[in-house]
Structures are given as C-alpha cells and as structure tokens.
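Reader: I would like a close look at a single part of this model, the metal site. Please take me through it slowly and explain the terms.

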Amino acid sequence: MRIVATVPPGERPLPAGFEELEPFVTYWAVAGQNERRYQRCDTTFDEIRRFYDAMLPRADAAMKYLANYPLRDMPGPEARLMRLVLSLAQASMAVEIQGAERVPKAPWPDTVRILTEETL
Amino acid sequence: MRSNFTQAAGLDTGPVPLEPYRSQAHFDLEREKIFRRAWLIMGRAEDVPNVGDYIVKEVEICGASILITHGAGGAIRAFHNVCSHRGNQVVWDTKGSRKTMFRCPYHNWTYGNDGKLLAISDEKMFFGVDKKKCGLEPIQCENWDGWIFINLNPENRVPLRAYLGSMGEFLSGIPYPNAHRSIKIQAYLKCNWKFLIDAFSESYHIPVLHSKTIGPSFSGVSDPASHLQNAEFFGPHHSISLYGNPDYRPTEAQLVEKLAYAGMQSENVLAANQSKDTEALRAHRSVNPGKSPTWSMDINEIFPNFHLDVAGGGFWTHEIWPISLDQSRYEMRFFVPKPETVREAFHQEHYIARLADVVLEDLANVERTHKGVAARAKNHMILQDNEVLIRRMMNLLDKFEQAETLEAALEACA
Ligand code: FES
Ligand SMILES: [Fe+2]
C-alpha cells in the first residue's frame, strides 16, 4: 500500500504562513485516521521525528487558524493543514510514548484497521 | 488488604490445563455447546437507528452470516442472510439504510425487511412455490438496554433476560454517552479466541506489557502491580474493577499529549469525553461498584465473547470471534462524540492512536502466547488471584461443554 496526498494543479499546498511545512504534505496530509496511522507505522523513526519537530511548534497556530473553517468542509489547503495537525497525534505515539516507530516487536504490516464512520 | 477473589468465586487455586486452547476437539465443542447455544452480541440498537436500516454480521465459527433489520413499527429482527432459492447471500454489503426490500443479486428473489418473500422473478417457470413458506430464516433476536443479541439455536427457550440474569440487573440502566457513534479497531489474529479473552481480562500485565503506553496511568506508587479493586460474579458473567493512578500526569516531554488534552476537562488522560458528559455514567450504582477511590475502569464480561467496559472517560466494547482453532477476529469499538472543531478532532485522533498502540501491544502478544501454548512444552498455566477471570472462564467453558442444555449450563454456573 502506498498512499499520498495530492495537491491539485493551481492550488497551493498549504495556507499562507505555513509554507515551511510543505515538504511534509505528500506523505503526512493524507485523509483518514487509518491511513495516517499507516503512514506513521510504515516509515522510520528519524522521518517521524523530522515531521514531529517541524509540526509541533506550528500545531497550536494551525489549530487557531483552522478554527475559522468548518471542520467537514475545508478548502484544499486548509484540509491538508488539518491533516498535518492530525498526523502529529499519530507521530507523537512514536516520539513521546514508544521511542520507536512502532510498537516494539509487533509484526509489520499488521491486520489492524481503524474503521471510522467519517473520513477527516 | 489481601483480597481473595479466586476463593470468592468458588474456584480452586491449582494449575489450569492448556489443552482447551489448542485442541480441535475442544474447539468443536465450543462451537456446538457455546456459540450455537448462547446469546451472542450483534451490536447496538443505534447501529440500525431508522426504519429500513440494516447491518450484516458474521459468526464465523458457525459459518453464519446474520442480517439484522429495523422494520416498520420499530421491530429489530435477525435472519440468516441466505436466499431461499439456492442459498446465496441476499445482502452483500455490511450495512445500509432505508431499504424495505432486499433483492438477491443472483436471480432477483425479493424479500421484505420483515423477512417475507415478496416476489420471485420469472415465477411462472417454477412448479407452484408457496411464497409464504419461503421467507428468510428468522433467528431469535432480543434487545437488552440497547444491546442487540441473537441466539442461533432455533429451539432455544431461554430468553435473553434470563440468560443475562443477575448480570443484566447489575448493569441495567447505565446511560451510554455517544452510543450512536463509534470508531472500530479491527484485527485478524493467528491465535485461539480465548487468548484474546484472557488478554483483556486481567490487569497483572498492564505495568509490564504496557509499560510505556498505559502502565503509568494504570499502576502507581500506591499499587505498582495494578491490583484489582473489585470483582463480582454473576452466573456465567462477571465484572472486575481496575486500579487507576491518581498521580498520573504527562511527562515534561509529552507536549503533544498536553496539547491534545488542553481543552479537556476529563476524568483521566485516556478519555473520549469531557467529565460533564460522563457524570450520569459515573453516578450509576454499578460503575465502580466497589466505589474505589483509585478506580480507572470496569471490565464487564458477558459470556462468551463480549466485553462491555466502562471508565470515567466513556465506554467501549470488545467482541472476540473465533474463526478456527488458531484464527480469530477481534473488534474493539470506542464510542466517541462527534468532533466539531479541529481541536476536538485532534484530541480524538490522539485518543484512538494511543489505544491502537495499546491494543497492538496486546494483539502481537496473543499470537506469541498461542505459539507457546501450541508447542505443547507446557500442559498447564499458573494463575494468580488477579487473573481470576481467566481461571473462571476456563471453568465456565467446561460447565457449558458438559451441560446437556443451555438451561442446565446456566444452572451449573449459578
Ligand atoms: S440464490 Fe437468491 S435468487 Fe437465486
Ligand atoms: Fe493489555
């Protein structure tokens, strides 16, 4: 499984002011909790850490900015920024809790699926 | 304080045989004497909220596909999802809404959501079919406190309420917040289903196996081994209460965790809901029934494969479904509010992400345990008092397997 977030031609990847996060959009701004968990599990600890370090200092500002948009109907750049914020929660499991990319000694890929009624 | 739950449950304290986890003969008995006789959980009434809604559930051990419908007049019914024509499945998806009719995709036989056969395509070429006798095969289906159960024995004479017995009375009336909205964690495991039951029935492993994820919040200075706070036994069902560390705080470095919980006024750091939204839940007489000041959650196990867990932050369920002797399906459902802001969505993502890691620690482990037990290096396991539910479960399974009828099994477990 290879999942990526795409930016339609002519759209900016992220809202103005968040340009420094653009390199993370393709991998981390994917829709769906299950997909974001997959991304966190399917990469290296160093990659997760790089994203975490870049995203953490901007998370609060991003959430303040996004509060002006309806959660379920955001324009493309705002939706991608929101998904980066949500991916930070996934990345934090590796960085703040496990100290490793995944649950140590658990098989990967695994059969775990997070099934949600809506896709954010 | 040294409680003895094992003695209170009327159990002996010797080693417990491992054969039921690895023998095909036991598995076959479980199919016939337990899963084909006991009441089995299918979900919440909120899973089929409106007339015309339906879900399809699998009971792999019995090879059954179950169609549950919400009919006109509000009746929730269950049927075998099997066409009367040549036996195909009538419904091929797992849920849907506002369907009063189901058309079998093989040759278009059409059924009402009350199971009646409404129409046969090209009927004139058949040889006088009595449509009244060709409806979907009904399955006993009852609702207790919003939980839908079925019984696969067409001759069953034990109503759901009698099956749940004093456990049903104990838990009745719990107000379930967000019962209409859940996030599911599903996994298929290479293990006997009872390893999954065991994995979620004791707290002894929490400070060890979950040392990083929930160890710090489920054990602490006042109880480093995460001892049970309470245990209650009701026929084939039971309930235990777990310790919670009142001193738990995120560490300095857990910045995302702090950010996620910044807007939360919650009972503990693993909470789906704000405190005010679980007030009624927490006030129920059977939530934290021992009224322990250091309580985190209750595990309510409804025999044979359903856990209904209640905590200060909300409730969740585990369903554990045997597929074969060494394969199982596991489904955990967290009932969570609908987020309205990015902050709320962020908190929920963090909550579920942590739980997925916790659950994966358990799930990776059950496969290892199965492998160890299947190696036949050991014939017994050695259980301590905080593992009382595992000992009791083995005892209950044995009683069900020995009993001629469900009535007799319940009698033996009383
Ligand atoms: S099997 Fe259903 S219509 Fe033929
Ligand atoms: Fe566990």
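Author: The iron ion (ligand 2) is held by His205(B) through NE2, His210(B) through NE2, and Asp362(B) through OD, listed twice, at 2.1 to 2.6 Å. Donors here are N, O and S atoms within 2.8 Å of the metal (3.2 Å for Na, K and Ca), and water is not among the atoms, so sites may look incomplete. This is a predicted model, in which local features need pLDDT of at least 70 and side-chain atom pairs count only at pLDDT 80 or more, while totals for chains, interfaces and linings use all residues. Residues are numbered from 1 along each chain as its sequence is written, chains are lettered from A and ligands numbered from 1 in the order in which they are written, and side-chain values use heavy atoms, leaving out hydrogens and water.

The angles among the 4 donor atoms run from 55 to 155°, and the site is irregular. That word covers anything outside three classes: four donors are tetrahedral if all angles lie between 85 and 135 degrees; four are square planar and six octahedral if opposite donors are over 155 degrees apart and all others between 65 and 115.

Along the chain, the donors follow the spacing H-x4-H-x151-D. His205(B) sits in the loop between α4 (193-199) and α5 (206-209) of chain B, and Asp362(B) in helix α9 (residues 342-374) of chain B, so the pair ties together parts 157 residues apart in sequence. Helices are DSSP runs (H or I, at least four residues), numbered from the N terminus.

His205(B) is buried, with a relative accessible area of 16%. Asp362(B) is also buried, at 4%. Buried means under 20% relative accessible area (1.4 Å probe, protein chains only).

Key: Helix = DSSP H or I, 4+ residues; strand = E, 2+ residues; numbered from the N terminus. Buried < 20%, exposed > 50% of the residue type's maximum accessible area, 1.4 Å probe, protein only.
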